[in-house]
Amino acid sequence: MAAAQPGFLEAYRDGAMRAHNASCKDGQGNNSHTAVQHWGRFTVQGLKLSMLRPLDPINTTLPIKLGEVDLVEAFAWWLVTHVGVNTETAWSYTNVVNAWHHRSTGVYLAANHPLVRVQKMLDGLQRLTGAPVPRRKRIGVRPEHMQRAISARYGIDARSARDSNWAALFETALVTLARAGELASNLRAGQFMPARHPSRADVHFKYDAHGQPCKCSIWIVNSKARGAEALRKLEVHVPMCGKFLSPGVRLFDLIHHVDPVSPELAASTPLFRDPTNGGRIFTVDAVREEIRALMCGIGRVGTLYGAHSMRIGGATALAFLGAAPEAIKAHGRWRSDAYMRYVRERERECMFYTRGICGADVDDYEADYLDFEAGEISDSDLM
């Protein structure tokens with residue numbers, strides 16, 4: 001085959017490797033992932049060893065495999081004790097590195113030997129601290145708070161191009177339950193990729209008989225989708241106006257009046273961008289910083305908010321309105337019940353149920369039946 005088709009194998013290897021790299025979000029096989037960067041520092045810089053350690057899964061002896069497991073375990077221990085990540089993150093990083101190694105060499109670390117021992121070590125390491133892994137508390141943004149914060153920071157009309165982009169992004173994110181990475185760039189260098197980020201061409205308006213915009217929709221990806229599906233843009237309807245927020249009006253004003261671009265540039269222009277920075281797309285890190293500044297501006301604790309706070313706030317608002325679970329999942333583009341993690345407790349509803357527990361005269365037929373039956377059994381029945 002090589003003689004009849006010279007260069008085929010080389011072309012295949014190059015094409016297959018590029019395809020493997022493209023399967024990761026960074027498009028580079030996770031070479032830029034923090035976990036892989038740490039693995040390089042640990043092996044190359046720290047121990048003067050190669051990052052790539054392919055071994056024959058069949059012919060490699062057990063002592064050599066176990067020695068490689070020790071190396072991975074040392075990496076995980078180093079992440080916790082020297083880098084400062086928590087044990088769950090260390091295990092996640094270990095799996096990222098293992099998958100990266102498989103993409104690069106065709107075999108997993110330690111010649112495919114299971115790394116359960118590493119996971120158990122991390123579990124024990126956490127137990128030695130005498131405390132569970134701390135959880136970062138993130139709360140959602142209420143629509144009313146969003147309205148107040150936007151007015152306080154940008155002004156009621158948000159007339160500057162940069163402010164208008166920010167205001168439209170935050171209102172759109174809340175009402176569409178969008179992840180920050182679906183509207184802003186989460187790529188390492190903050191690049192804009194029209195295939196995965198919304199552009200100006202991804203916004204569509206419908207007009208009434210008087211020529212006024214009456215409907216709005218945007219096309220965004222589901223960033224949690226796998227493989228090529230992560231590049232499939234889905235239509236999400238955006239209301240023109242509401243009691244607190246008017247995302248459709250914000251988008252129309254942004255695109256047609258405050259920060260317009262020519263039609264031929266629409267497909268290559270980020271929907272939400274920073275005109276003061278060469279028109280670059282906003283990054284997820286910038287979204288996180290900006291929402292904290294917004295909330296601080298109205299007296300809220302900014303550190304409790306993050307890039308997912310709009311998604312949390314939108315899901316909580318839907319639950320408050322009595323939306324069915326299926327509707328919340330569909331609106332937020334969830335395929336599982338993971339949306340429940342984003343629906344925060346409403347205090348009034350919580351107190352209603354907990355007060356009810358205090359006075360509930362509960363009938364438990366199964367328990368009553370078992371108790372009755374137990375009273376009828378004598379010691380002789382058990383012999």
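## Following the chain around helices H7 and H9

Just after helix H7, the residue Leu177 takes a positive phi of about 55°. This is a detail of a predicted model, and a reader may wish to know how confident the predictor was before looking further. Over the protein chain the mean pLDDT is 86, and 85% of the residues reach 70 or more. Confidence is highest in helix H3, with a mean of 97, whereas it is lowest in helix H14, residues 365-376, with a mean of 51.

Helix H7 itself, which comes just before Leu177, has 16 residues and reaches 22 Å from its first C-alpha to its last, close to the 22 Å that is expected at 1.5 Å a residue. Of the 16 residues of H7, 14 are buried, so this helix is largely enclosed by the rest of the structure.

Helix H7 also plays a part in the surroundings of another helix, H9, because what covers the buried residues of H9 includes H7 (161-176), together with helix H6 (143-154) and the strands S1 (203-207), S2 (213-221) and S3 (233-238). Helix H9 runs over residues 247-258 and is mostly covered, with nine of its twelve residues buried. These buried residues are Pro247, Gly248, Arg250, Leu251, Phe252, Asp253, Leu254, Ile255 and Val258. In reading such a list it helps to remember that an α-helix has 3.6 residues a turn, so residues three or four places apart point the same way.

Beyond H9 the chain enters the loop between H9 and strand S4, and here we find Asp259. Is this residue buried or exposed? Asp259 counts as buried because its relative accessibility is 6%, and buried means under 20%. If its neighbours within four places in sequence are left aside, Asp259 is in contact with Ala161, Asn165, Arg200, Leu254, Arg273 and Pro275.

Two of these contacts deserve a slower look. Asp259 forms a salt bridge with Arg200, in which the closest N and O atoms are 3.0 Å apart. Since Asp259 lies in the loop between H9 and strand S4 (273-274), while Arg200 lies in the loop between helix H8 (180-183) and S1, the pair ties together parts that are 59 residues apart in sequence. Both Asp259 and Arg200 are buried.

Asp259 also forms a salt bridge with Arg273, and in this pair the closest N and O atoms are 2.7 Å apart. Arg273 lies in strand S4 and Asp259 in the loop between H9 and S4, so this pair ties together parts that are 14 residues apart in sequence. The side chains of Asp259 and Arg273 are also listed as making a polar contact, at 2.7 Å. Arg273 counts as buried because its relative accessibility is 14%.

Another salt bridge can be followed elsewhere in the chain, where the side chains of Asp70 and Arg117 meet at 2.8 Å, taken from N to O. This pair links distant parts of the chain, with Asp70 in helix H3 (residues 62-83) and Arg117 in helix H5 (residues 116-128), 47 residues apart. How exposed are Asp70 and Arg117? Asp70 counts as partly exposed because its relative accessibility is 37%, and Arg117 likewise counts as partly exposed, at 46%. The pair also belongs to a network of salt bridges, in which Asp70, Glu73 and Arg117 are linked. For the structure as a whole, the count comes to 16 salt bridges.

Conventions. Residues numbered from 1 in each chain as written. Predicted model: local features only at pLDDT ≥ 70, side-chain atom pairs only at ≥ 80, totals over all residues. Heavy atoms only, no water. Buried < 20%, exposed > 50% of the residue type's maximum accessible area, 1.4 Å probe, protein only. Helix = DSSP H or I, 4+ residues; strand = E, 2+ residues; numbered from the N terminus. Contact = heavy atoms within 4.5 Å. Salt bridge = Lys/Arg side-chain N within 4 Å of Asp/Glu carboxyl O. Polar contact = N/O pair within 3.5 Å; in protein donor to acceptor, adjacent residues only side chain to side chain. pLDDT = per-residue confidence, 0-100. Expected span 1.5 Å × (residues − 1).
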